[in-house]
Amino acid sequence: MKDHIFEFYFDQMNELVFLAEVKNQHLYYKKMNKAAAKLVRCQGEAGMRLESVLPERVYHSLYPY
């Protein structure tokens with residue numbers, strides 16, 4: 001049930017949300033919400049490096065966080 005509630009709110013958020021993990025000093029995206037998918041115009045595949053999914057400027061502004 002918790003997963004369904006999380007999924008519902010995750011996709012309803014207007015803010016761009018990326019779930020990512022750090023491996024070998026690179027960010028790998030696990031999931032993005034609908035608002036983020038609309039920005040990058042594709043959802044890509046989970047497990048891709050975030051730098052290959054996002055525009056370079058956006059990636060470099062997010063990386064420190």
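In which helix is Ile5 found? In this predicted model, Ile5 is part of helix H1, which covers residues 2–12. Ile5 has a relative accessible area of 42% and is partly exposed, because that value falls between the limits for buried and exposed. Together with Met1, Phe8 and Tyr9, Ile5 makes a nonpolar surface patch of about 500 Å².

**Salt bridges**

The whole structure holds four salt bridges. Three pairs are listed here with the distance between their closest N and O atoms.

| Pair | Closest N and O atoms |
|---|---|
| Lys31 and Glu7 | 3.1 Å |
| Lys30 and Glu21 | 3.4 Å |
| Glu51 and Arg49 | 2.9 Å |

Lys31 and Glu7 form a salt bridge that links distant parts of the chain: Lys31 lies in strand S2 (residues 26–32) and Glu7 in helix H1, 24 residues apart. Lys31 is partly exposed at 23% relative accessible area, and Glu7 is partly exposed at 31%.

Glu21, Lys23 and Lys30 are connected in a network of salt bridges. Within this group, Lys30 is partly exposed with a relative accessible area of 47%, and Glu21 is partly exposed with 29%. In the pair of Glu51 and Arg49, Glu51 is partly exposed at 31% and Arg49 is partly exposed at 30%.

**Largest pocket**

Glu21 also belongs to the lining of the largest pocket, whose volume is about 160 Å³. Other lining residues include Phe18, Leu27, Leu50 and Tyr65. Strand S1 (residues 18–23) gives the most to this lining, with four residues. By type, the lining has eight nonpolar residues, no polar ones and one charged.

Key:
Residues are numbered from 1 along each chain as its sequence is written. This is a predicted model: local features need pLDDT of at least 70, side-chain atom pairs count only at pLDDT 80 or more; totals for chains, interfaces and linings use all residues. Side-chain values use heavy atoms; hydrogens and water are left out. On a 1 Å grid over the protein atoms alone, a cavity is a set of points where a 1.4 Å probe fits but cannot get out, and a pocket is an open set with protein on both sides within 12 Å along at least five of seven lines; lining residues have an atom within 4 Å of a point. Grid points are joined across faces, edges and corners, and a volume is the space filled by probe spheres set on the points. Helices (H or I, at least four residues) and strands (E, at least two) are DSSP runs, numbered from the N terminus. Ala, Val, Leu, Ile, Met, Phe, Trp, Tyr, Cys and Pro count as nonpolar, Asp, Glu, Lys and Arg as charged, and the others, Gly among them, as polar. Patches are made of residues with over 30% relative accessible area and no salt bridge: like charges are joined within 9 Å, nonpolar side chains (Val, Leu, Ile, Met, Phe, Trp, Tyr) within 5 Å. Accessible areas come from the Shrake-Rupley method with a 1.4 Å probe; for residues, only the protein chains shown count as cover. A salt bridge is a side-chain nitrogen of Lys or Arg within 4 Å of a carboxyl oxygen of Asp or Glu. Buried means under 20% relative accessible area, exposed over 50%, partly exposed in between (1.4 Å probe, protein chains only).
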